[in-house]
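Hi,

Here is the structure I promised to pass on to you. Please have a look at it first, and then read on for what turned up.

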Amino acid sequence: KILSGSLSWKTQPDFPIIHAVIGKVSFENSKLEENFAALIKSIGKDKISSIFIKPTMGPSIKVLVS
């Protein structure tokens with residue numbers, strides 16, 4: 001799905017949290033950045049208060065929202 005260009009994300013029913021896949025470890029950095037930018041654009045910057053990126057097995061990293 002990621003390679004075909006489809007974009008999907010899901011939310012929690014009781015909390016304003018969005019879970020989305022933006023790529024795989026094998027992706028080039030530029031492709032991951034492009035996918036991340038597309039996700040942010042689809043949600044809308046004005047609706048985002050904080051962002052954390054997390055691999056499946058690892059700690060999360062806070063991203064500055066500007």
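The largest nonpolar core is made of six residues: I22, L39, I40, I43, I48 and I51. Helix α1, which covers residues 29-43, supplies the largest share of this core, with three residues. Do keep in mind as you read that this is a predicted model.

One member of that core is worth following up. I40 sits in helix α1. Is I40 buried or exposed? Its relative accessible area is 12%, and because buried means under 20%, I40 counts as buried. Which residues does I40 touch once its neighbours within four places in sequence are left aside? The contacts of I40 are then K45, I48 and I51. Of these partners, I48 and I51 also belong to the largest nonpolar core. I40 and I51 are eleven residues apart along the chain, and their C-alpha atoms are separated by 9.7 Å.

Now for the overall picture. The protein has one helix and four strands, and from the N terminus on the order of elements is β-β-α-β-β. There are 66 residues, of which 14% count as buried. The accessible surface comes to about 5800 Å², and carbon and sulfur atoms account for 59% of that surface. As for contacts between residues at least 6 apart in sequence, 21% of them join residues at least 24 apart.

Happy to talk any of this through whenever it suits you.

Best wishes

Definitions and conventions. Residues are numbered from 1 along each chain as its sequence is written. This is a predicted model: local features need pLDDT of at least 70, side-chain atom pairs count only at pLDDT 80 or more; totals for chains, interfaces and linings use all residues. Side-chain values use heavy atoms; hydrogens and water are left out. A nonpolar core is a set of buried Ala, Val, Leu, Ile, Met, Phe, Trp, Tyr and Cys residues joined through side-chain atoms within 4.5 Å. Buried means under 20% relative accessible area, exposed over 50%, partly exposed in between (1.4 Å probe, protein chains only). Helices (H or I, at least four residues) and strands (E, at least two) are DSSP runs, numbered from the N terminus. Contact means heavy atoms within 4.5 Å. Accessible areas come from the Shrake-Rupley method with a 1.4 Å probe; for residues, only the protein chains shown count as cover.
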